[in-house]
Amino acid sequence: MTARRKALIVHGGMELHTPRRGAETVRDLLEAEDFEATLTEDYDALGAGDIDTYDLVVPVVTGGTLSREKGARLGAAIRAGTGLAGYHMGLATSFRDCVPFRYAASCYWVAHPGDILTYRVEVARPDHPIMAGIESFEHTSEQYYLNYDPAVEVLATTTFTGAVHPWRRNVVMPVVFTTTHGEGRVFYSSLGHTADELEIPQIRTILQRGLVWAARPR
């Protein structure tokens, strides 16, 4: 019998983002895919001595601190094959001062002009397994403006109209992307401001597929 893959889900930070409920949703999505999922509020678990035994790590964290030493241990585990995945605040806002983590995360949140508004998510790679069968759609939430690694493979985008910040008119921004960090796979989706949004069918499907894609292959 093939052993179940292991995932570590770490949650915390701004309650507005409903991190515990979001982490529980991630757990449910992974357990449906036959993962053994561990939830914790202990950020240091990301840099523990056993971190390289996990097939996937999912920070559901706004802000927070992680020492450079622990970030370096996590980075080494990812380079050796542990997957890294996140949505909305996770990856984009997590552990801003931890350089090794930021390098692996591949994106950095800087603004959401207009706060909650309706914007369009355009599927850029319908041929990718994460996006297969998903059509472009309207979404009402925070439209994330990111600084991101040019090495990412963009799967879905959004375009800023300039209605709020005219100097960013027609800027096309990734919404969903993948990349690699050494042998490890990295997945990110900016969708999911609260756990309620993770129940929207397209967003839930993208997240579930992205989590599985990022995990260390069997």
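Select Trp 109 to begin: in this predicted model, Trp 109 has a relative accessibility of 22% and therefore counts as partly exposed, since buried would require a value under 20%. Next, add Tyr 144 to the selection, a residue that is buried, with a relative accessible area of 3%.

With both side chains shown, look at how the two rings are placed. The structure holds five aromatic pairs, and in the pair formed by Trp 109 and Tyr 144 the ring centres are 6.0 Å apart and the planes stand at 45°, so this pair is tilted. Colouring by secondary structure helps here, because Trp 109 belongs to strand S5 (residues 107–111) while Tyr 144 sits in the loop between strand S7 (137–142) and strand S8 (145–148), and the pair therefore ties together parts that are 35 residues apart in sequence.

Another stop for aromatic rings is the selection of Tyr 43, Phe 95 and Phe 101, which together form one aromatic cluster.

Then turn to charges placed over rings. Select Lys 6 with Tyr 54, where the lysine lies over the face of the tyrosine at 4.6 Å from the ring centre, and afterwards Arg 185 with Trp 213, where the charged end of the arginine is found over the tryptophan ring, 4.6 Å from its centre.

The tour ends at the largest pocket, which holds about 150 Å³ of space. To find it, select Leu 117, Gln 143, Phe 160, Thr 161 and Gly 162, which are the closest to its centre among the 13 residues that line it. Strand S6 (residues 116–123) gives the most to this lining, with three residues, and by class the lining has six nonpolar, six polar and one charged residues.

Key
Residues are numbered from 1 along each chain as its sequence is written. This is a predicted model: local features need pLDDT of at least 70, side-chain atom pairs count only at pLDDT 80 or more; totals for chains, interfaces and linings use all residues. Side-chain values use heavy atoms; hydrogens and water are left out. On a 1 Å grid over the protein atoms alone, a cavity is a set of points where a 1.4 Å probe fits but cannot get out, and a pocket is an open set with protein on both sides within 12 Å along at least five of seven lines; lining residues have an atom within 4 Å of a point. Grid points are joined across faces, edges and corners, and a volume is the space filled by probe spheres set on the points. Helices (H or I, at least four residues) and strands (E, at least two) are DSSP runs, numbered from the N terminus. Ala, Val, Leu, Ile, Met, Phe, Trp, Tyr, Cys and Pro count as nonpolar, Asp, Glu, Lys and Arg as charged, and the others, Gly among them, as polar. Rings of Phe, Tyr and Trp (its six-membered ring) pair if their centres lie within 6.5 Å; planes under 30 degrees apart count as stacked, over 60 as edge-to-face and the rest as tilted. Buried means under 20% relative accessible area, exposed over 50%, partly exposed in between (1.4 Å probe, protein chains only). A charge sits over a ring if NZ of Lys or CZ of Arg is within 6 Å of the ring centre and within 35 degrees of the ring normal.
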